[in-house]
Amino acid sequence: MPELPEVEIVKKSLDRKIKNKKIIKVVVRNRNLRTKIPLNFHRFLEKKVVKKVTRFSKYLILNFSNETYCLIHLGMTGTIHILEKNHINKITNLSFYSYINLPKKHNHVEMIFKNFRIIYNDPRRFGFFKIIKNFNNLKKKFIKLGPEPFSKKFDLTYVLKYFLGKKKDIKSFLLDQNFVSGIGNIYASEILYFCKINPKKSVKDLTSNECKNIIFYSKYVLNKAISKGGSSIRDFKNTSGSSGSFQKEFKVYQRDKLNCFRQNCEGKIKKETISNRSTFFCNILWCKIQ
């Protein structure tokens, strides 16, 4: 599943392409995504001008000139492709997942602009589109989600208050979108490595300094991933045709049994399952914290 950095890169790429452009036609080939696409979806979008493309957490938001919106969530396997008119498209995929070119199957939604098309492909159909008719409804959509790591609200006061009286491990909290929005499994492991915190450590046992480090390194790791173009776990490409390269800098993720990168550390990266997700950490760090 794409995490905040990958969705941010897709947002930037999509915004450069469709900002101030009019959607001429919409074709829905399959309404049966995670939630069924409304019957009036094409009528709602057609002839509208995309004012800009924004993002909250892992959601893409098409902002229209009449203050209405379309939410897009990529789910597990959703990808967005751009096909130029009268051009051979060597690379079409804006997303980090799967094929660099548009597959022949599972192309569920197509938005047609003057000189190009935007196509949504999703084999597992866990993604969705949602029409939002005003700004208040947009705010309501996200009201139960926690702040993004970059938000001023994600500060020490918020974190300490949220953790108060709770016993769950910190790795699970970083994956909990009600606590903080946008962090997924890849970056949670990387953040905790930089913090030198055991992923299984209960939040009730975290010190104030450890909480400060979680806030700081959440921003640090995600910003670094965005600057590197996302993580190319599965051939991430953006509209410039560039691959994301943050995976080359992973300290722990998918490095099971390899040497720890930390200076003067003789540890190996270990893999365990926490909250049904693969978790990676240095075994020396693990032993020291226990």
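What share of the contacts in the protein with a separation of 6 or more comes from residues 24 or more positions apart? The figure is 62%, where a contact means heavy atoms within 4.5 Å.

## The basics

This is a predicted model, so local features need pLDDT of at least 70 and side-chain atom pairs count only at pLDDT 80 or more, while totals for chains, interfaces and linings use all residues. Residues are numbered from 1 along each chain as its sequence is written, and side-chain values use heavy atoms, with hydrogens and water left out.

The protein has eight helices and eleven strands. These are DSSP runs numbered from the N terminus, with helices being H or I over at least four residues and strands being E over at least two. Of its 290 residues, 51% count as buried, which is to say under 20% relative accessible area with a 1.4 Å probe and protein chains only (over 50% is exposed, and partly exposed lies in between).

## A helix tucked inside

Helix α6 covers residues 185-195, and ten of its eleven residues are buried, so the rest of the structure largely encloses it. Among the buried ones are Asn-185, Ser-189 and Glu-190, along with Ile-186, Tyr-187 and Cys-195.

What does the covering of those buried residues include? Three helices are part of it, α1 (4-18), α5 (170-175) and α7 (208-227), and so is the strand β11 (277-282). Right after α6 comes Lys-196, with a positive phi near 60°.

## Two partners for α7

Two packed helices are described by the angle between their axes and the distance between the axes. Here axes are lines fitted to C-alpha atoms, for helices over the stretch in contact, and angles run from 0 to 180 degrees between N-to-C directions.

Take α1 and α7 to begin with: they pack at about 40°, with axes 9 Å apart. That makes α1 oblique to α7, since under 35 degrees counts as roughly parallel, over 145 as roughly antiparallel, 65 to 115 as roughly perpendicular and the rest as oblique. Their crossing is right-handed, meaning that the near helix is turned clockwise from the far one by less than a right angle (anticlockwise would be left-handed). On the α1 side, Leu-4, Pro-5, Glu-8, Ile-9 and Lys-12 meet Leu-222, Ala-225 and Ile-226 of α7. By class, this contact has six nonpolar, no polar and two charged residues. Nonpolar covers Ala, Val, Leu, Ile, Met, Phe, Trp, Tyr, Cys and Pro, charged covers Asp, Glu, Lys and Arg, and the others, Gly among them, are polar.

Then there's α4 (residues 156-163), which packs on α7 at about 115° with axes 10 Å apart. This crossing is right-handed too. Leu-156, Val-159, Leu-160 and Phe-163 in α4 meet Ser-208, Cys-211, Lys-212 and Ile-215 in α7, and the contact splits into six nonpolar, one polar and one charged.

## The strands

Four strands make an open antiparallel sheet in the order β2-β7-β8-β6, where two strands pair if DSSP finds at least two bridges between them. β2 (25-28) and β6 (79-84) stand at the edges with a single partner strand each, so one side of each has no neighbour in the sheet. The twist averages 15° from one strand to the next. Six bridges join β6 to β8 (residues 116-121), and His-81 stands opposite Ile-119 in β8.

Elsewhere, β1 (residues 21-22) pairs antiparallel with β3 (residues 49-56) over two bridges, with Val-50 as the bridge partner of Lys-21. β3 is also joined to β4 (residues 59-64), antiparallel again and by six bridges, and Thr-54 faces Ile-61 there. Their hairpin has two residues between the strands, and Ser-57 takes a positive phi near 55°.
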